[in-house]
Every structure is written in C-alpha cells, then in structure tokens.
Amino acid sequence: MIEWGTMSRAERDAAYNNTGAVKNSATLNAARAAESAAFRAAHPEHLDLRYGPKERNTWDLFPAADPNAPCLVFIHGGYWQRNSKDQFANLVAGPYAHGWAGALPGYTLAPDATLTEIAAEINAALDWLAEHGPAHGINGKVVLSGWSAGGHLTALCLGHKRVSAGLAISGVYELGPIRDTELNINLQLTDDEIATLSPLRLPNIHKPMAITYGTAELPPLVLDSRHLHGKRAEAHLPGALIPVPGGDHFTIIHELRDADGVLTRQALLLV
C-alpha cells in the first residue's frame with residue numbers, strides 16, 4: 001500500500017520517476033529513437049502531415065497494403081512534457097508486420113499547453129484522421145494506443161467516434177497525486193482538470209480496452225492500471241488486464257514493437 005499522506009516530497013517525486021527507477025533507461029530510449037528513425041526512413045511517404053496550427057500538430061502515417069486494414073494509432077509518452085512522435089515510430093512495427101497500418105500523432109507539450117489543451121489536440125488529430133485518413137490509405141478500424149502519458153490519453157480519448165478499441169500501456173489514470181510532485185511544475189494541473197481528466201473519475205467508455213503494465217514498474221502505475229481495469233470489469237466491459245512479467249516502464253513497449261510481442265498479439269485481438 002502507498003501511504004501518500006506520510007511521504008515526503010522527495011518520496012512522492014520518486015514514486016513517479018520512471019527514469020530513476022530504470023537505470024538503463026537512457027540506453028533503451030536511444031535504441032528506440034534509432035530504430036524509429038530507421039522505420040521512418042524506410043516509410044517516408046506520409047510523414048509530418050499537418051492536422052492543426054501548432055508546431056507539433058502533425059501526423060506520421062504508415063498505411064498498410066490494404067487501405068481497409070486496422071490501424072494502430074500510437075500516442076507517445078513523456079509525462080505530457082517530453083519526447084516527440086518521431087522517437088516512437090518503431091512501436092507500430094509489430095502490428096505493421098501483420099498487415100496493419102500505423103499512425104502517430106504529435107501534440108504540444110507542457111508548459112506550452114495545458115493538459116486540457118493536449119487532450120483537445122489528440123481529439124482534433126483523430127478528427128483529421130477520420131476526414132483525411134482515406135486519402136492516405138487508412139480507412140480501417142482504429143485501435144488507439146499509447147504508453148505512459150500516452151496511456152492516459154488513450155483512456156481519455158477512447159470515446160472518439162473514429163476509435164473502435166484501445167490498448168493503454170503503463171498509464172497514469174488518477175491525476176491527483178501528480179499535483180504533489182515535480183511533474184506539476186510544468187503541468188500546473190487545476191482542480192477541475194484533475195476531476196475531468198482522470199479516467200478513474202470519469203464514466204466508463206463502452207468500447208473494448210486492454211490495459212497493461214510491467215510487473216517491475218513503479219507501484220502507482222501498477223495500481224492505476226489495476227484500478228482502471230477493475231472499474232471497467234465491474235461494468236462488464238471488454239478488455240484484458242495484461243501484466244507483462246518482468247517488464248519495466250521502458251522494456252514493456254518492446255512487446256508492441258515485436259511482431260510476436262505480447263502486446264502486438266493483444267492488439268490483434270481487439271478488432
């Protein structure tokens with residue numbers, strides 16, 4: 001059990017510090033970025049397509065041979081304030097190897113955008129995909145996925161009309177504790193945002209959503225995943241809870257990168 005009320009500020013910061021918890025995270029991040037650059041270079045036809053007015057309001061699309069194939073839309077992580085879509089392109093490679101399309105939206109980072117604005121950008125990106133995706137060879141069902149902050153945005157935006165199902169990876173689904181950590185320096189979460197943007201506080205969305213975490217992850221992320229699945233299970237909503245044995249916050253996404261990965265196989269089951 002996490003005794004949040006008795007913890008110091010340093011302990012609260014450490015409770016969400018994935019980089020500090022995984023000692024080789026820098027090496028894993030560099031490898032992912034290099035693999036993503038190679039994947040983008042091999043599929044350069046539909047990159048940086050603009051969906052909105054801000055600098056990061058762009059899509060990378062990787063259409064399949066069949067325009068009606070399912071599409072994995074992957075939202076990158078970084079606690080809503082780090083990273084970019086181009087560093088995560090290799091994570092659509094697993095489903096892509098099975099004939100799926102892949103797509104990654106960019107979004108403005110905090111503090112240049114509030115979390116309310118970030119969520120609105122993801123919904124705007126999905127609006128664009130609904131209208132313009134077919135012109136770029138993407139016309140099939142969309143499975144929305146994301147990791148870390150992207151897992152949160154997956155759960156939050158699952159209700160979009162273009163989305164058929166979700167795969168939320170290592171997300172934060174209750175924002176209240178974030179307010180008491182260094183992450184909030186840039187986010188500046190308001191009481192209203194915590195209430196309206198925490199998936200654990202919101203009505204269930206009646207679509208399939210698989211929820212996954214690594215068993216070696218930090219306790220708050222494990223607990224949020226288990227609690228969100230439990231909330232949905234009480235309403236008899238479809239979607240597996242997938243603990244990835246030994247997976248930490250940075251290795252769990254290998255299971256989506258790889259064609260035979262656990263999360264790739266789970267994604268294929270969602271359509």
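This passage walks through a cavity, a buried asparagine, a covered strand and the cysteines of a predicted model. Residues are numbered from 1 along each chain as its sequence is written. As the model is predicted, local features need pLDDT of at least 70 and side-chain atom pairs count only at pLDDT 80 or more, while totals for chains, interfaces and linings use all residues; side-chain values use heavy atoms, with hydrogens and water left out.

Start with the empty space. A search of the whole structure turns up one cavity of 30 Å³ or more, a cavity being a set of points on a 1 Å grid over the protein atoms alone where a 1.4 Å probe fits but cannot get out. The volume comes to about 30 Å³, taken as the space filled by probe spheres set on the points, which are joined across faces, edges and corners. Its lining (residues with an atom within 4 Å of a point) is made up of L28, N29, R32, F250, I253 and H254. Helix 3 (residues 25–42) chips in the most, with three residues; helices here are DSSP runs of H or I, at least four residues, numbered from the N terminus. By type, the lining splits into three nonpolar, two polar and one charged.

F250 turns up again around N18, a residue of helix 2 (residues 18–21). Beyond its neighbours within four places in sequence, N18 touches Y79, L218, L221, H249 and F250, where contact means heavy atoms within 4.5 Å. N18 has a relative accessible area of 5%, so it counts as buried (under 20% relative accessible area, 1.4 Å probe, protein chains only).

Next comes strand 2 (residues 58–62), where five of five residues are buried; a strand is a DSSP run of E, at least two residues. In a regular strand the side chains alternate between the two faces of the sheet. Here both faces are covered, with T58, D60 and F62 on one side and W59 and L61 on the other. Strand 2 is joined antiparallel to strand 1 (residues 49–50) by two bridges, with W59 as the partner of L49. Four bridges, again antiparallel, link strand 2 to strand 4 (residues 101–105), and F62 sits opposite G102 there. Strands pair if DSSP finds at least two bridges between them.

Finally, the cysteines: the structure has zero disulfides, a disulfide being a pair of cysteine sulfur atoms within 2.5 Å. The closest cysteine sulfur to that of C71 is in C157, 15 Å away and therefore too far for a bond. C71 is buried at 0% relative accessibility, and C157 is buried at 1%.

Note on methods
On a 1 Å grid over the protein atoms alone, a cavity is a set of points where a 1.4 Å probe fits but cannot get out, and a pocket is an open set with protein on both sides within 12 Å along at least five of seven lines; lining residues have an atom within 4 Å of a point. Ala, Val, Leu, Ile, Met, Phe, Trp, Tyr, Cys and Pro count as nonpolar, Asp, Glu, Lys and Arg as charged, and the others, Gly among them, as polar. Buried means under 20% relative accessible area, exposed over 50%, partly exposed in between (1.4 Å probe, protein chains only).
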